[in-house]
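Me: I'm new to this structure and I'd like a close look at a single part of it. Could you take the strands and walk me through what holds them to each other and to the rest of the chain?

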Amino acid sequence: MLGAVCRVVRRAAWSRLSEVSRKSLHTAAACRAQEVPGSTGFDRSVLQFLVCPLSRKALRYDESTNELINDELGIAYPVVDGIPNMIPQDARMIHKEKKEPDNTQQ
C-alpha cells in the first residue's frame, strides 16, 4: 500500500515539475526573442543603485569593454550576460599611463 502511495506522489510531482519546466522554457525563449541582437542585456538604470564594493563610490558603464568602471581606484568589473560581477577578485586593474618626469641630468 505504501509503495502505491509513493508511486502516485512521485508521478504527481513529476507531472508538476514537467509543467513548471515547460513554462520556464517557454518564458526564457520569449525573453530571448525580445532581446535586441548585439546588446549585452545590461540595464543601465541599475547604475544608480550599484556602487564599488571596495570604495562605495559610483560606477560608470563602458559599453566598448562591457565593464563597470571605478575610475578612482582603476578597477573594472565585468558584465557577464547582462549581470555585473561585483566580486573584487574577479575585477581587473586598469593601468593608467602616467608620464613620469625625466630625472636624467646632462
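Reply: Here is a walk through the strands, their pairings, their salt bridges and the core they share.

One thing to keep in mind from the start: this is a predicted model. The protein chain has one helix and five strands, and reading along the sequence you get the pattern α-β-β-β-β-β. So the helix comes before the strands, as that pattern shows, and helix H1 spans residues 2–34 while strand S1 covers 60–62.

Let's start with S3, residues 75–80. S3 pairs with S2 in the antiparallel sense, and four bridges join the two. If you want a spot to look at, find Ile69 and go across to Ala76 in S3, its bridge partner. S2 and S3 also make a hairpin with four residues between them. Gly74 sits in that turn and has a positive phi of about 75°.

Now follow S3 to its other partners. S4, residues 83–84, pairs with S3 over two bridges, again antiparallel. Here Val79 stands opposite Pro84 in S4. These two strands form a hairpin as well, this one with two residues between them. In its turn you'll find Asp81, with a positive phi of about 55°.

Then there's S5, made of residues 92–93. S3 and S5 run antiparallel and are paired over two bridges. To see this pairing, look at Ile75, whose bridge partner in S5 is Met93. That gives S3 pairings with S2, S4 and S5.

Next, what do the side chains do? In soluble globular proteins, nonpolar side chains tend to be buried together. In this model, the largest nonpolar core has eleven residues. Among them are Ile75, Tyr77 and Val79, and S3 is the strand that gives the most to this core, with three residues. You've already met two core members in the pairings: Ile75, across from Met93 in S5, and Val79, opposite Pro84 in S4. The core also includes Phe42, Leu47, Cys52 and Leu59, along with Tyr61, Leu68, Met86 and Ala91. Across the protein chain, buried residues make up 18% of the 106 residues.

The charged side chains add another set of links. Side chains of opposite charge can pair when their charged atoms come close. The structure holds three salt bridges, and each is worth a visit.

Take Glu67 and Arg92 to begin with: they form a salt bridge, and their closest N and O atoms are 2.8 Å apart. Glu67 is in strand S2 and Arg92 in strand S5, so this pair links distant parts of the chain, 25 residues apart. The two ends sit in unlike settings: Glu67 counts as buried at 8% relative accessibility, whereas Arg92 is partly exposed, with a relative accessible area of 40%.

Asp71 and Arg60 make another salt bridge, with 2.8 Å between the closest N and O atoms. Asp71 lies in the loop between S2 and S3 and Arg60 in strand S1, and the pair links these distant parts, eleven residues apart. Asp71 counts as partly exposed at 37% relative accessibility, and Arg60 counts as partly exposed too, at 38%.

The remaining pair is Arg44 with Glu63, whose side chains meet at 2.9 Å, N to O. Arg44 belongs to the loop between H1 and S1, and Glu63 to the loop between S1 and S2, so their salt bridge ties together parts that are 19 residues apart in sequence. Arg44 is partly exposed, with a relative accessible area of 43%, while Glu63 is exposed at 56%.

One more stop, in the loop between H1 and S1: that's where Ser55 is found. Ser55 counts as buried, at 18% relative accessibility. Its side chain makes a polar contact of 2.9 Å with the side chain of Asn70. Leaving aside neighbours within four places in sequence, Ser55 is in contact with Asn70, Glu72 and Leu73.

To pull back for a moment: among contacts in the protein chain between residues at least 6 apart in sequence, 23% join residues at least 24 apart. As for the surface, the protein chain exposes about 8900 Å², and carbon and sulfur atoms supply 56% of that area.

Note on methods:
Residues are numbered from 1 along each chain as its sequence is written. This is a predicted model: local features need pLDDT of at least 70, side-chain atom pairs count only at pLDDT 80 or more; totals for chains, interfaces and linings use all residues. Side-chain values use heavy atoms; hydrogens and water are left out. A nonpolar core is a set of buried Ala, Val, Leu, Ile, Met, Phe, Trp, Tyr and Cys residues joined through side-chain atoms within 4.5 Å. Buried means under 20% relative accessible area, exposed over 50%, partly exposed in between (1.4 Å probe, protein chains only). A salt bridge is a side-chain nitrogen of Lys or Arg within 4 Å of a carboxyl oxygen of Asp or Glu. Two strands pair if DSSP finds at least two bridges between them. Contact means heavy atoms within 4.5 Å. Accessible areas come from the Shrake-Rupley method with a 1.4 Å probe; for residues, only the protein chains shown count as cover. A polar contact is a pair of N or O atoms within 3.5 Å; within protein, one must be able to donate a hydrogen and the other to accept it, and residues adjacent in sequence count only if both atoms are side-chain atoms.
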